[in-house]
Amino acid sequence: MSGNDRDAAVRRLLEQAPRPLPPEIHTEAVRRGGRMLRRRALTRRMMWLLLFAAAVAFTVWALTARPWVEPPSDTTPPLTGW
């Protein structure tokens, strides 16, 4: 099918009257859309909760482990000059 044939076929499809849709499609689309929006909202809430829990866990770890403080030496220096 060449480019002109495709263009002509597309024009014929666009010039036709649109087919009527069954009436139950609208209610089904609304039901599915509502369910999809609820799932997205739940997912968003869960992600914020996970982010908050990770921030709290990191804060608690940082306050207890204090990684910015140099650890104490495990060995003592030799005693000389007594």
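Here is a walk through this structure, from the overall shape down to a few individual side chains.

The first thing to keep in mind is that this is a predicted model. As for secondary structure, the protein chain has two helices and zero strands. One of those helices is α2, which covers residues 24-65, and most of the stops on this tour are in α2 or in the segment that follows.

How does the radius of gyration of the protein chain sit against that of a compact globule of 82 residues? Such a globule would come out near 12 Å, but the protein chain has 34 Å. The box tells its own story: along the principal axes, the C-alpha atoms fill roughly 105 × 40 × 10 Å. Burial is the next thing to look at, and here buried residues make up 2% of the 82 residues. The surface that the protein chain exposes comes to about 8,500 Å², with carbon and sulfur atoms supplying 65% of that area. On the charge side, there are 13 positive and 7 negative charges in the protein chain, and the mean positions of the two sets are 9 Å apart.

Now for the charged side chains that actually meet. The count comes to two salt bridges, and Glu28 takes part in both the one with Arg31 and the one with Arg32. In the pairing of Glu28 with Arg31, the closest N and O atoms are 2.5 Å apart. With Arg32, the N to O distance is 3.1 Å. Put together, Glu28, Arg31 and Arg32 are linked in a network of salt bridges.

Why can Glu28 reach along to Arg31? Look at the spacing in helix α2: the two are three residues apart, so about one helical turn separates them. Arg32 and Glu28 also both lie in helix α2, in this case four residues apart, again about one turn of the helix. As for how much of this network is open to the outside, Glu28 is partly exposed, with a relative accessible area of 29%, and Arg31 is partly exposed too, at 42%.

Further along α2 there is an aromatic contact to look for. The structure holds one aromatic pair. The partners are Phe58 and Trp61, whose ring centres are 5.7 Å apart and whose planes meet at 40°, so the pair is tilted. A tilted pair is one whose planes are neither under 30 degrees apart, which would be stacked, nor over 60, which would be edge-to-face. The helix spacing comes in here as well: Phe58 and Trp61 are three residues apart in helix α2, which means that about one helical turn separates them. Is this pair's Phe58 buried or exposed? Phe58 is exposed, with a relative accessible area of 53%, whereas Trp61 is partly exposed at 42%.

That leaves the segment after α2. Arg66 is found there, and its backbone is worth a glance: phi is near 45°, a positive value in a residue other than glycine. Arg66 is partly exposed, with a relative accessible area of 44%.

Pro72 also has its place in the segment after α2, and at 70% relative accessibility Pro72 counts as exposed. To get a feel for distances, take Pro72 and Arg40: they are 32 residues apart along the chain, and their C-alpha atoms are separated by 49 Å.

Thr76 is another residue of the segment after α2, and Thr76 is exposed as well, with a relative accessible area of 68%. From Thr76 you can look back to the aromatic pair: Thr76 and Phe58 are 18 residues apart in sequence, and from C-alpha to C-alpha they are 33 Å apart in space.

Technical notes
Residues are numbered from 1 along each chain as its sequence is written. This is a predicted model: local features need pLDDT of at least 70, side-chain atom pairs count only at pLDDT 80 or more; totals for chains, interfaces and linings use all residues. Side-chain values use heavy atoms; hydrogens and water are left out. Rings of Phe, Tyr and Trp (its six-membered ring) pair if their centres lie within 6.5 Å; planes under 30 degrees apart count as stacked, over 60 as edge-to-face and the rest as tilted. Buried means under 20% relative accessible area, exposed over 50%, partly exposed in between (1.4 Å probe, protein chains only). The radius of gyration is taken over C-alpha atoms; the globule rule is 2.2 Å times the number of residues to the power 0.38. Accessible areas come from the Shrake-Rupley method with a 1.4 Å probe; for residues, only the protein chains shown count as cover. Lys and Arg count as positive and Asp and Glu as negative; His and the chain ends are not counted. The place of a charge is taken as NZ of Lys, CZ of Arg, CG of Asp or CD of Glu. A salt bridge is a side-chain nitrogen of Lys or Arg within 4 Å of a carboxyl oxygen of Asp or Glu.
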